[in-house]
Number of protein chains: 2
Amino acid sequence: MTNSVKSIFSQLGNFGQRIRELRENKGILLRQMAASLEIDTALISKFERGERKPNREQVKRIARFLKADKNELLTLWLADRVQYIISEEMSLAEEALEIVKRNIKDETRTHTD
Amino acid sequence: MTNSVKSIFSQLGNFGQRIRELRENKGILLRQMAASLEIDTALISKFERGERKPNREQVKRIARFLKADKNELLTLWLADRVQYIISEEMSLAEEALEIVKRNIKDETRTHTD
DNA sequence: ATTATATTTGACGAATTCTGTCAAGTCAAT
DNA sequence: ATTGACTTGACAGAATTCGTCAAATATAAT
């Protein structure tokens, strides 16, 4: 996903938001979860912030570890994937923002500080 | 796409089905369309049968060539992509769509146009 | 049936995207 | 300024997608 599209949508996906919530409510550290699941800490961090999407197996393992409803998490995860595809099509908005960004940059460069 | 998933869904996607219809109604051959669009005949054949998914630009070019409604084709194409993802998780699909729908509603309510 | 034409299929290397990992980074609290 | 929790960016390897080609199949006409 391009950065500009990322910024249009909320950073946290449905799935990531939920597992972070579950983890924090249990007072578990990323590093502990990572160790138990044998997944790199950085990767779980990215899952929670929606920067990366886990695969089906990882979702299931995460659900088991958090003692969470597997179907709930799989559903949120699926919703994220659909939402991602749809958001890719907002490329017109993206282009528009790029143009504005370029123009702002030019402005500030011209009126030197 | 895995074979098992392929067999769950009809071979022809929404998009492919429609452009084949449009092309045949105009009496245009694959090879002619291919030549005009500078896309390999085999590839367009695959598009029509839903074996491959075109990218956004190809959809637009195809629409222009067929003098078809660009938005209609883009929508069908997008629907195919969503349908593909969901086909892997049939049982959860409905719930996921509800979530996405809710979020879209929220989005449009927040970022007033 | 033979030929000609249209479409489909499978396989391939190239290009692109995705994945997990690492090291370095920020940030807050002590 | 040290520690602890998390984040970030970059990387190489894996996996997937891409367009192309040649061969196979289907369709039509003679």
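Start by selecting Leu30(B): one of its backbone N or O atoms lies 2.8 Å from a phosphate oxygen of DNA strand C. That is a polar contact, meaning a pair of N or O atoms within 3.5 Å; within protein, one must be able to donate a hydrogen and the other to accept it, and residues adjacent in sequence count only if both atoms are side-chain atoms.

Before moving on, some ground rules. You are looking at a predicted model, in which local features need pLDDT of at least 70 and side-chain atom pairs count only at pLDDT 80 or more, while totals for chains, interfaces and linings use all residues. Residues are numbered from 1 along each chain as its sequence is written, chains are lettered from A and ligands numbered from 1 in the order in which they are written, and side-chain values use heavy atoms, with hydrogens and water left out.

**DNA strand C**

Stay with the phosphates and add Arg20(B), where a side-chain N or O atom is 2.8 Å from a phosphate oxygen of DNA strand C. Then pick Arg23(B), which has a polar side-chain atom 3.1 Å from a phosphate oxygen of that strand. Which elements give two or more residues to the surface near DNA strand C? They are helix 4 (41-49) of chain A, plus helix 2 (14-25), helix 3 (30-37) and helix 4 (41-49) of chain B. Helices here are DSSP runs (H or I, at least four residues), numbered from the N terminus. Helix 4 of chain B gives the most, with four residues.

Now show everything near the strand (a heavy atom within 4 Å). You should get 15 residues, the closest being Gln58(A), Leu29(B), Arg31(B), Ser45(B) and Arg49(B). Colour them by class and you have five nonpolar, two polar and eight charged. In that scheme Ala, Val, Leu, Ile, Met, Phe, Trp, Tyr, Cys and Pro are nonpolar, Asp, Glu, Lys and Arg are charged, and the others, Gly among them, are polar.

**DNA strand D**

Switch to DNA strand D, which 16 residues surround; Arg31(A), Ser45(A), Lys46(A), Arg49(A) and Gln58(B) are the closest. Of the strand's atoms within 4 Å of the protein, 61% belong to sugar and phosphate. For the phosphate oxygens, select Leu30(A), with a polar backbone atom at 2.7 Å, Arg31(A), with a polar side-chain atom at 2.2 Å, and Arg49(A), with a side-chain N or O atom at 2.5 Å. Helix 4 of chain A gives the most to this surface, with four residues.

**Inside chain B**

Next, select helix 2 of chain B. Its buried residues (under 20% relative accessible area, 1.4 Å probe, protein chains only) are Phe15(B), Gly16(B), Ile19(B), Leu22(B) and Arg23(B). Look down the axis of helix 2 of chain B: the buried residues fall within an arc of 130°, so they line one face of the helix. The arc is taken from the directions from the helix axis to the C-beta atoms. These residues pack against helix 3, helix 4, helix 5 and helix 6 of chain B. After helix 2 of chain B comes Gly27(B), with a positive phi near 65°.

Last stop: helix 5 (residues 56-66) of chain B, where Gln58(B), Val59(B), Lys60(B), Ile62(B), Ala63(B) and Leu66(B) are buried. At the start of this helix, a side-chain oxygen of Asn55(B) reaches to within 3.1 Å of the backbone nitrogen of Glu57(B). Following helix 5 of chain B is Lys67(B), whose phi is positive, near 55°.

Technical notes: Buried < 20%, exposed > 50% of the residue type's maximum accessible area, 1.4 Å probe, protein only. Contact = heavy atoms within 4.5 Å.
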